[in-house]
Amino acid sequence: MGEQGSAEPAETANPHKTIKQTKAAEAAKGAGATGARKTAQARPADAARPRKAAAARPESRLALVRRARRINRELADMYPYAHPELDFENPFQLLVATVLSAQTTDLRVNQTTPALFAAYPTPEDMAAADPEALEQLIRPTGFFRAKAKSLLGLSAALRDRFDGEVPGRLEDLVTLPGVGRKTANVVLGNAFGVPGLTVDTHFGRLVRRWKWTGQEDPEKVEAEIAALFPKSEWTMLSHRIIFHGRRVCHARKPACGACPIAPLCPSYGEGETDPDKAKKLLKYELGGQPGQRLRPPTDYPGRPAAPLGATASLEAAAPLEAATSPGSAGSAAPVEAAE
């Protein structure tokens with residue numbers, strides 16, 4: 001009897017103690033749940049973070065297409081006014097401006113072209129230009145000797161082979177001096193309404209951050225991104241991505257905490273995630289600064305840029321990312337525009 005009694009569990013021997021322990025455990029559990037809820041409420045930014053577990057799993061092709069198209073829709077909501085940021089009035093002006101935008105910014109081109117087009121309004125005029133006079137007009141855009149050679153060559157080709165008109169076919173455009181596939185797509189998409197993808201440095205950087213492609217070669221990037229979207233979306237998709245790259249998703253320090261597509265971005269956290277600090281990184285109209293065009297579209301919500309020679313403070317108010325292609329800064333020949 002004594003051994004049986006000593007083997008009896010302590011809980012049975014003291015039922016009051018069991019009840020107290022049970023209540024204490026329940027209270028602790030409740031406190032933990034309440035604390036977890038308070039912690040979750042105190043960190044609303046967490047909702048914007050991509051789920052690590054989901055990111056660790058390989059993304060199916062269907063999931064990639066859906067995510068890519070959702071990002072495009074989010075960007076369309078954010079930039080309903082997205083547009084080409086070069087000032088132009090006709091296909092010839094856009095072609096010239098795009099060639100000039102190599103290794104510089106669209107703002108600098110826009111500040112330079114008014115005098116250029118006043119002096120040489122047509123391909124025939126530019127083809128007959130004095131090379132030194134042309135060089136001096138485009139000097140602010142950099143690499144002016146190589147660019148002048150390209151402008152003289154393409155103007156002569158337009159005069160001699162295309163009756164002074166800019167052709168509306170990619171295969172014709174890429175035969176012009178200084179014109180590559182990217183420049184041709186800019187002209188086709190914005191002067192002729194022919195859909196095309198503009199794979200510049202911003203476009204390439206963002207689509208790789210979003211894991212839409214792992215390619216580095218612009219033509220391979222173009223092919224892979226084109227396969228994700230209907231052809232009708234290509235031109236506006238390019239504008240939206242370039243807008244986002246210039247304003248939010250910068251090369252050195254992306255403004256992750258101010259990005260509307262953070263929940264869809266597998267590279268979230270590469271930049272500043274604090275919303276207040278990220279907001280200070282925003283550029284152009286999102287940062288309360290002038291845009292790149294002297295004559296922006298009527299629906300553009302920001303301020304026009306200042307003309308060349310205006311007060312330096314206006315120009316300094318619009319910080320710009322350097323537009324260079326890796327390994328091309330020392331090249332004598334113009335490369336395709338990075339901006």
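This note sets out numbered points on a predicted model of a protein chain.

1. Overall composition. The protein chain has 339 residues, and 44% of them count as buried. Its secondary structure consists of 17 helices and zero strands. Where contacts join residues at least 6 apart in sequence, 64% of them link residues at least 24 apart.

2. The largest nonpolar core. This core comprises 35 residues, and those with the most contacts inside it are Phe203, Trp210, Trp212, Ile225, Leu228, Phe229 and Ile241. At least two of its residues come from each of α5 (61–78), α13 (201–209), α14 (218–226) and α15. The largest share belongs to α5, which supplies five residues.

3. Phe203 and the second core. Once neighbours within four places in sequence are set aside, Phe203 is in contact with Leu197, Thr198, Val221, Ile225, Ser238 and Ile241. Two of these partners, Ile225 and Ile241, also appear among the residues with the most contacts inside the core. Another core, of 33 residues, lies apart from the largest one and includes Met126, Ile138, Leu152 and Val187.

4. Helix α15. This helix covers residues 234–247, and its 14 residues should span 20 Å at 1.5 Å a residue; the end C-alpha atoms are 20 Å apart, so the expected and computed spans agree. The helix is mostly covered, with 13 of its 14 residues buried. It also supplies at least two residues of the largest nonpolar core.

5. Cavities. How many cavities of 30 Å³ or more does a search of the whole structure find? The search finds two. The second largest holds about 130 Å³ of space. Its lining is formed by 15 residues, with Cys249, Pro254, Cys256, Cys259 and Cys265 nearest its centre. By residue class, the lining divides into 11 nonpolar, two polar and two charged.

6. Glu272. This residue is placed in the loop between α15 and α16 (275–279). Is Glu272 buried or exposed? Its relative accessibility is 17%, and Glu272 therefore counts as buried, the cut-off being under 20%. Beyond residues up to four places away in sequence, Glu272 touches Lys253, Pro254, Ala255, Cys256, Gly257, Lys277, Ala278 and Leu281. Pro254 and Cys256, both touched by Glu272, are among the residues nearest the centre of the second largest cavity. The C-alpha atoms of Glu272 and Lys253 are separated by 6.7 Å, with their positions 19 residues apart along the chain.

7. Pro91. Helix α6 (residues 91–100) contains Pro91. With a relative accessible area of 25%, Pro91 is partly exposed. Its contacts, leaving aside neighbours within four places in sequence, are with Val166, Ala191 and Phe192. The C-alpha atoms of Pro91 and Asn190 are separated by 8.4 Å, although these residues are 99 apart along the chain.

8. Arg161. This residue belongs to helix α10 (residues 144–161). Arg161 is partly exposed, at a relative accessible area of 45%. Apart from neighbours within four places in sequence, Arg161 is in contact with Thr175 and Leu176. Between the C-alpha atoms of Arg161 and Asp172, which are 11 residues apart along the chain, the separation is 10.0 Å.

9. Backbone angle at Phe143. Phe143 has a phi near 50°, a positive value in a residue other than glycine. The residue is found in the loop between α9 (131–138) and α10. Its relative accessibility is 28%, so Phe143 counts as partly exposed.

10. Backbone angle at Tyr284. Phi is also positive at Tyr284, near 55°, again in a residue other than glycine. Tyr284 lies in the loop between α16 and α17 (312–316). With a relative accessible area of 1%, Tyr284 is buried, whereas Phe143 is partly exposed.

Definitions and conventions: Residues are numbered from 1 along each chain as its sequence is written. This is a predicted model: local features need pLDDT of at least 70, side-chain atom pairs count only at pLDDT 80 or more; totals for chains, interfaces and linings use all residues. Side-chain values use heavy atoms; hydrogens and water are left out. On a 1 Å grid over the protein atoms alone, a cavity is a set of points where a 1.4 Å probe fits but cannot get out, and a pocket is an open set with protein on both sides within 12 Å along at least five of seven lines; lining residues have an atom within 4 Å of a point. Grid points are joined across faces, edges and corners, and a volume is the space filled by probe spheres set on the points. Ala, Val, Leu, Ile, Met, Phe, Trp, Tyr, Cys and Pro count as nonpolar, Asp, Glu, Lys and Arg as charged, and the others, Gly among them, as polar. Helices (H or I, at least four residues) and strands (E, at least two) are DSSP runs, numbered from the N terminus. The expected span of a helix is 1.5 Å times one less than its number of residues. Buried means under 20% relative accessible area, exposed over 50%, partly exposed in between (1.4 Å probe, protein chains only). A nonpolar core is a set of buried Ala, Val, Leu, Ile, Met, Phe, Trp, Tyr and Cys residues joined through side-chain atoms within 4.5 Å. Contact means heavy atoms within 4.5 Å.
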